[in-house]
Amino acid sequence: ACSFRILGPQRFGLQVPGRRPGASMLIDPGLTWASFLGGSELDEQYGVEITPAGDILALGRTSSADFPTTAGVFVTDPNSTDVTLTCVDPGGAELVFSTHFGGTKIDIALALAVDANGRIAVGGYTNSTDYPVLPDAFDTSLNSLTDAFVSVLAADGSQLLLSTYLGGGQVRGIGFGASGRVVAAGTTGTAAFPSTPDGFDPTYGGSAEGFILWLDPALAGQAQLASGSFLGGSLYDEALALAMGPDDQPIVVGRADSTDFPTTPGAYDETAGGHFITRISADGTAIVASTFFNDVFVNRVTTDGDTILVTGSPGVSLPVLPNAFDKDYSGSGDAFVARFDGQLSRLMAATYIGGSGNDDIGGILVDSSGRIVIAGVTASPDYPTTPGAYDTVKGGSGVSTYTSMVSCLSADLSQLVYSSFL
């Protein structure tokens, strides 16, 4: 068994009898720090990223006139619902910066990304005619009842570097690509949504379609749109998340009702039936790999560079492999994690994770050891936890209340390394 060992006035270590030198070891973590964030009205958080400086950046929304802001940031007067960006130091003791911005109506940012220089990109939707766009933006006017938007802020939150309407729809995923361009994916219901002739599909063809755009903050006006394409078929399709893969190739996941949604030869599943995973060239001119992933709801994606990991809500026939951590669908809404090869031709691993209630994964990443970390909410009192975890008992009663959770799975999805309620 492990035991603490005092190493100095302010240092301690762990004694582990019998540990093999060179072998990896996991010490079940506790809660290092936690904090409230918000004002006197409704405040919600939608995304978290780590900056190059190691600070924690949180994206959300607020209806609070007293949401905390710091000096020197780009900020607008509080309105009905604003976008929030808050940066906290790793120890949770200091606000590096905090701001809110938007127009006079509802502004919701659902996607967040940070580049190697610390620039911050957010995307979402707005119905404000006065959302803060720049004078030289690609599009300076609201085009429909609800428009997609993209905004890029300086690393310290002090100024807008790019901010534009896009057209009717909403951005659901965002990232940074080659040459500092911003890549945004989402869904639109209008043929007037912007695309470019060199895009892999410049023509709108369904009742709703996914889209993917490349925007260049170094340019102005119409030149900001470097590339744009629709992603879908002849029926209803939507892009729900984006991750930047190797060689700046974006990976998009979402829903596909269209039987003619584009897939590539040799894909894992070329038969229509639910959701899709699509990898696109760095310049937006071609689909590199694309597959259906049927009988699941796919709404999150990440990559370790070589493989692609997706998560969401499965059906009762998720194609789990024999060594999966959980082979059985156990509730009214289990979650799942699946790993594909980079060409989307092979399902390498898949597992259910959940209990007797609804389980919803809101974020997924791969750690430095290749393990998969997921976080979200669960209504399952029997959601799987590990011995000695921070909290092994769900708060609230029965399956009618939700509690946050975090879990870590082995790289091959065969073992639950750590899991806790929060």
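Here are some worked exercises on the predicted model shown above.

**Exercise 1: the whole chain**

Task: Find how many helices and strands the chain has, and decide how its radius of gyration compares with the globule rule.

Solution:
- Step 1. Begin with secondary structure: the chain has zero helices and 26 strands.
- Step 2. Next, take the radius of gyration, which is 22 Å, close to the 22 Å given by the globule rule for 422 residues. The chain is therefore as compact as a globular protein of that length.
- Step 3. For the dimensions, the C-alpha trace spans about 65 × 55 × 45 Å along its principal axes.
- Step 4. Turn to the interior: buried residues account for 51% of the 422 residues.
- Step 5. Finish with the contacts. Of those between residues at least 6 apart in sequence, 58% join residues at least 24 apart.

**Exercise 2: surface and charge**

Task: Work out what share of the exposed area carbon and sulfur atoms supply, and how far apart the mean positions of the positive and negative charges are.

Solution:
- Step 1. The chain exposes about 17,800 Å², and carbon and sulfur atoms supply 52% of that area.
- Step 2. Count the charges: there are 17 positive and 44 negative ones.
- Step 3. The mean positions of these two sets are 11 Å apart.

**Exercise 3: two cysteines**

Task: Find how many disulfides the structure has, then decide whether Cys 87 and Cys 408 are buried or exposed.

Solution:
- Step 1. Searching the whole structure for disulfides gives zero.
- Step 2. The cut-off for buried is under 20% relative accessible area.
- Step 3. Cys 87 has 3% relative accessibility, so Cys 87 counts as buried.
- Step 4. Cys 408 has 10% relative accessibility, so Cys 408 counts as buried too.

**Exercise 4: backbone angles in a loop**

Task: Inspect Asp 247 and Asp 248, and say what sign phi has at each.

Solution:
- Step 1. Start with the usual case: most residues other than glycine have a negative phi.
- Step 2. Asp 247 is not a glycine, yet its phi is positive, at about 60°. Asp 248 is not a glycine either, and its phi is positive at about 60°.
- Step 3. Now locate them. Asp 247 sits in the loop between strand 15 (237-244) and strand 16 (250-256), and Asp 248 is found in the loop between strand 15 and strand 16.
- Step 4. Compare accessibility: Asp 247 is exposed, with a relative accessible area of 64%, whereas Asp 248 is partly exposed, at 31%.

**Exercise 5: a pair brought together**

Task: Find how far apart Ala 289 and Thr 264 are, both in sequence and in space.

Solution:
- Step 1. Place each residue: Ala 289 is in strand 18 (residues 287-294), and Thr 264 is in the loop between strand 16 and strand 17 (274-280).
- Step 2. They are 25 residues apart in sequence, and their C-alpha atoms are 5.6 Å apart.
- Step 3. Check the cover. Ala 289 is buried, with a relative accessible area of 1%, and Thr 264 is buried, at 13%.
- Step 4. Look at the contacts beyond four places in sequence. Ala 289 touches Thr 264, and its other partners include Ile 277, Gln 343 and Leu 344. Thr 264 is in contact with Ala 289, and also with residues including Glu 270 and Ser 290.

**Exercise 6: sequence distance and space**

Task: For Asn 127 with Thr 146, Ser 207 with Val 301, and Ala 256 with Leu 162, find the C-alpha distances.

Solution:
- Step 1. Asn 127 and Thr 146 are 19 residues apart in sequence and 4.6 Å apart in space. Asn 127 lies in the loop between strand 8 (120-126) and strand 9 (147-153) and is partly exposed, with a relative accessible area of 24%. Its contacts beyond four places in sequence include Lys 105, Leu 142 and Thr 146.
- Step 2. Ser 207 and Val 301 are 94 residues apart in sequence and 25 Å apart in space. Ser 207 lies in the loop between strand 12 (182-188) and strand 13 (209-215). Among the contacts of Ser 207 beyond four places in sequence are Gly 189 and Tyr 236.
- Step 3. Ala 256 and Leu 162 are 94 residues apart along the chain, with 31 Å between their C-alpha atoms. Ala 256 is in strand 16 and is buried, with a relative accessible area of 3%. Beyond four places in sequence, Ala 256 touches residues including Tyr 236, Phe 261 and Phe 292.

Terms used. Residues numbered from 1 in each chain as written. Predicted model: local features only at pLDDT ≥ 70, side-chain atom pairs only at ≥ 80, totals over all residues. Heavy atoms only, no water. Helix = DSSP H or I, 4+ residues; strand = E, 2+ residues; numbered from the N terminus. Buried < 20%, exposed > 50% of the residue type's maximum accessible area, 1.4 Å probe, protein only. Disulfide = S-S within 2.5 Å. Rg over C-alpha atoms; globule rule 2.2 N^0.38 Å. Contact = heavy atoms within 4.5 Å. Areas by Shrake-Rupley, 256 points an atom, 1.4 Å probe, with all protein chains shown as cover. Lys, Arg positive; Asp, Glu negative; His and termini not counted. Charge placed at Lys NZ, Arg CZ, Asp CG, Glu CD.
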